[in-house]
Structures are given as structure tokens and as C-alpha cells.
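Me: I'd like to go through a few labels in this structure and ask what stands behind each of them. Could you walk me through the reasoning?

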Amino acid sequence: MGQTVVEKIAERHMTEGPEGRPVRAGDFVTVRPRHVMTHDNTAAVMKKFAAIGAPRVRDPRQPVFALDHDIQNRSSTNLAKYRDIEAFARQHGIDFHPAGTGIGHQVMCERLYAVPEALVVASDSHSNMYGAMGALGTPVVRTDAAAIWATGTFWWQVPPTVQVVLVGSLPGGTTGKDVIVTLCGRYGNGEVLNAAVEFAGPGVSTLSMDQRMTIANMSTEWGALVGWFPIDAVTLGYVESRRAVLGEEGSARVSDAEVERWRRGPLSPDPDASYAARIRLDLSTVSPHVSGPDSVQVMGALADLEARRIPIQKAYLVSCVNSRVEDLAAAARAIAGRRVAEGVELYVSAASAEVQREAERLGHWGTLLEAGASPLPPGCGPCIGLGAGLLEPGEVGISATNRNFKGRMGSRDARCYLASPEVVAASAAAGRIAGPGETARRDLDTTWEPLQAVEGPDEATRILPGFPETIAGRVLFVPQDNLNTDGIYGKDYTYREDMTPEAMAAVVMQNYDPQFAGIVKSGDILVGARNFGTGSSREQAATALHAAGVRLIVAASFSQTFLRNAFNNGFPCIECPALVTRLREAFRKSLEAGTKTIVAGDVLDVDFARGSARFRESSFRFAPLGSVPQKLVVAGGVESLVRAQM
């Protein structure tokens, strides 16, 4: 069985994992990334790093600091935080990019920290963007970032891969943003959830680097952990142009030998690689689309929204997904010779200071300002509800950002749509959602093909001292798909520092099932459904279940953030979708009755050595927990493990 690109890159960066066979989806591995980027949350990572007790950063060339989120905040508290981050960087010899340099993901690409075939991570969900460079870009949580500072490595579970085959080329007036908005809307039911997306096909070569960055970046909203593009002439042309601009800095970061290697034999998937699914999309059939309101999965053709004449009050050309030179140029063309409509505010912020300088040189920036746009410094700002220009109650906004969750860009009583830069600019001039010209209608040509991934060999797993070979416990079945962290551990307790483990156990699952705390017993095995633990990154969602006595969580699939928080706190989890299907069949009447927590009355026997779970005479396989997750559980979490390693 061959490997996907993600499996190959993970294996190249692996320091611990399966022995005697290639890495495949489902494996837990320890990997050494080329770089780890942190932004304003560097301050929080610094606290975790101090708690670990590491005397120094293991490899000062590995971390990158880029301040970008709250850069409009000139309060003494925020400025002091920024000074502390800069002082830490200076003390340890870490690359530091101050507020105003640009959004961290843009900095990582244009400064060539993210390069082909590299594993590059960041403590931010839009790390997928590095896939446009042919890198494996994926997010980590803050504890992981601190562990990387201390040891140079972190643990990762290799995801399954969905191949997206692109054919044809985009017609005029259609953009990379329309491609990813279309994919998010057409395949918005978990088809790529927690998977790596690998773009392929002849259509890839027709996409510019800016378009690839937009698509890879917003693959995050599609639910993917990775959005990888092949390494081709477009990739290498961008790398070479950036090396020329950066001079010695570029040559130090990317060698001539690396460029030659990528040119001669770029990394690609094996012909017999195992994919979870395949999507085919004809780019020539994509037309301008808009997401929303308030959901990326809600998609409508621009032509249909134009007909509804939806008035807007604010428009945004900001964020890491659509504020590069091509984006600003398209927006400028759409609004040239016009003015922002009365009663509308248009905000513009470049992805980086360098992008802004180039847009100024080419005249695009001036065109936008002449039309009445209000400039903001290069950073995140209104995209995440910080700084000037937020949506007020009752307002409608249209934005070239990547997220339009209710309340994210201001009031929860506002509505927000997402669109391409030219549609945003044209809408600002029209005072309503509109395109820059006549909007084409096309019948989308796309197919979805679920595939049967090839199972790995039925192999025994060596059990480390201190890790149980087997676990048996009463089954508590929680059947709701997408059970979020607020349902598991409510926001009313998240920021309280006085919550003891006993107090946490008393309120666990309160927002999902108020009876749960009285049902759960020490030693129970909780079986969840699909995408268990989705939502916010609060780690108490995992630790509260552990405090309640749950010994193991089994689910059809996990939110990767929840999974990381669980193992980072020494709490084992396994994915076993076949078991969940069996429980749905066994307790159909309870499900129809709307029972929130089903007490199975049966024992689940879990054999970690064989990677199998047994329920009512039926056996179900799961990906074995190798040495990497076992060590986390035995140590009681990543912080203790890192201390032991040091």
C-alpha cells in the first residue's frame, strides 16, 4: 500500500512512531516541525513554557513570533504584553516580527518559513494555508507550542486524506474564494472533517499562488486539518521570487540545493495511495458565490443574492485569506471610478506591510482609498472582532474574511456574509450585495466518491510499562453528533479559577444532559458519536470528564482540538466508528425517545495490544495506540512527559 503526501511528510519529520512499516493514517507519531509560529497568544505559550520548567528553547531557529491579532489595541496592558514577547524573543534568539509586519500566516509564507515538503505548524487554526506552498501546514494548541519550544517535537495523529481533483480553469469573474466557498457549501456535511485535503489534477496548474493560499487557508472552515497543493512551476516560481526579494535572508532560509531537489523530483503521492474519498471539481463550472449569513456551510449563488437586493452597512477587505496583492487589485478594479455608497463603511487592511507597499506602488491602494475605504494596519483586527469597524446590532456586513460566525465580527445581533474581494468592493459601492458586473450562472460539475481506505495489517502493539493492556467498563452512550465543548463544560465555569476536580465533575455535561453527573460512575467508558468535542479549545471539556471518573472515551471521530487536549492531560481516547454504529442499532428505541445519555448495562472490553474492542459478542477494530500516546497517558500528560524528557 502506497502513501499519500501527508503520510510521507509526516514520516520524513518523525522522531518516534511505527517501526518496520510506512506511516499511514491513524498512526500516532512524534514529529519535529521545521517551524512553529505563535502570534499574540505567544504570551500564553510563554506561561506554559515556564510551567514546564525548561531552562531554554531547544532550537531558537524553530519558533517564529508574529504579532497580528490585537495590534490596534494601544492599552498599556497590551503594549506591555507585546514588550514581554519581544524581550523573550531577544533573550532566546527567536525571530520576532512586531505589530504592523503582517498577519502571521502571510509572514510565514512570504518570508519562506513555510516551504515545500516541510512540516510547519502554528498555534492558530489557519495554519492550513502553508499547504499552498507544498508544505504540510496544520494547527497545534498552545501546550503543543510550549512543548515544541522545550523539546523541538510534538505528537500528532496522521489524518486520513481526501483527494480533490481539479480540472478545467476558472472563468473570468470567478476566484479562488469562489472555489473554496463552493466546496464548503456543496460538501458541508463532514465529508472532509478532520481529514487532510490533497488537491490534484490538471486544474491545479491554472491557479495562482494567491488563489492557492486562499483555498488552502479556508480549507480550515471546510473542516480539514491540512490543505495541500502539489509542488509545481507556480510553487517554485513563488519561492524563487521570494528568495530574490529577501536576499541573504531568503538564501539562508532556503538553499540552492533544496530548490534544485524540488525542481528535479517534487514529493508526490504514490499511485496506490489510500484515500478516504475523492472529489472531482470542474473549475470552469464554478460561478461567484456568497456564504451566509452567519455560516460558511450556507452558500448561495451571487446571482440569487443580487436579486434579493440585500442592503449592507459594512464591508471588509481584511484577513489572512483575501488581502494579498491580487485581492486588492481585484477589489480596486471593481470600485474604480466609484464611491463607497452613503451609509456604508468599507475597511481595508493588507495581509502584510510588504503587500501594502506593493499595492501602493501599483496604485490599487490609492484607488480603494479614493473610493472612500478606511485603511487599517496590516493585521487581523475586525476579522476576529478586535479594533475599529465592528458590526453593530442590526447591521449587515459582507467580508472577504474566512469566518462569519454569529458575533465573531461584532454584535451577535448583526449578520455577516463572505465573498470574494471584488464582490465585497462592488457591494460597498452599490450599498447592497452585488457583483462588479453581470453575474454568470453556471451548472456546477462536481462529484463525490467515498472510497474504502485500505486497512493496515492486524498487528500487535507493544504495551509500555504503566499503560494498561486492557480496560473494561460500563458503557455510557452519548449519541449526539457534534457534541460541542460548551455542552460538555459550560462557559459559566471555563474562566473560574476556583473549580476543583470535584466541582468540575459536578457540572460536567450540564449543558447537554443535566442528569449526566448523577449517572456517571468511576470506571465508566464514555462512547460518543461523530466529531465529539467540537467547538472551543477549552481543555476543561476533557479534564472534567476525567475528573468525573470516565476512564476512556471512544467516539466515531473526535474534534482534533479535543483529542489533543485529552492526550495532553493523559486521558486516553480511541476512534471506533463501527462500535458507534452498533450502539445506534442496539439502542434505537432509546434514540427515538430522545434519551441524552444511554446506560448500556453492558461492559465494553478494550484490548489495546490488539487494537480491538468487544461489545455483546461483537469485536471492533481501532487504530492501535502506539508508544507516543501511551507515553502521554503513563506520564499523566504532555507537561510531565516533557519534564521527564528534559
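Reply: Gladly! First, Asp95: its relative accessible area is 16%, and buried means under 20%, exposed over 50% and partly exposed in between, with a 1.4 Å probe and protein chains only, so Asp95 is called buried. A word on the basis: this is a predicted model, where local features need pLDDT of at least 70 and side-chain atom pairs count only at pLDDT 80 or more, while totals for chains, interfaces and linings use all residues. Residues are numbered from 1 along each chain as its sequence is written, and side-chain values use heavy atoms, leaving out hydrogens and water.

Me: What makes Arg253 and Asp95 a salt bridge?

Reply: The closest N and O atoms of Arg253 and Asp95 are 3.3 Å apart. A salt bridge is a side-chain nitrogen of Lys or Arg within 4 Å of a carboxyl oxygen of Asp or Glu, so the pair qualifies. Arg253 sits in helix α9 (residues 248-253) and Asp95 in strand β5 (residues 95-97), 158 residues apart; helices (H or I, at least four residues) and strands (E, at least two) are DSSP runs numbered from the N terminus. Arg253 is also buried, at 16% relative accessibility.

Me: Why are Glu260 and Arg263 said to be separated by about one helical turn?

Reply: Because they are three residues apart in helix α10 (residues 256-264). Their side chains meet in a salt bridge at 3.6 Å, N to O. Both belong to a network of salt bridges with Glu240, Arg243, Asp256 and Arg264.

Me: How do you know that Glu260 is partly exposed?

Reply: Its relative accessible area is 32%, which falls between the two limits, so partly exposed is the right label. Arg263, at 43%, is partly exposed too.

Me: Why does the pair of Asp294 and Lys406 tie together parts of the chain that are apart in sequence?

Reply: Asp294 and Lys406 form a salt bridge, with the closest N and O atoms 3.2 Å apart. Asp294 lies in the loop between β13 (289-291) and β14 (299-301), and Lys406 in the loop between β18 (396-399) and β19 (415-418), so the pair joins parts 112 residues apart.

Me: And what makes Asn404 buried?

Reply: Asn404 has 1% relative accessibility, so it counts as buried. Asn404 is found in the loop between β18 and β19. Leaving aside neighbours within four places in sequence, Asn404 is in contact (heavy atoms within 4.5 Å) with residues including Asp294, Val296 and Tyr417.
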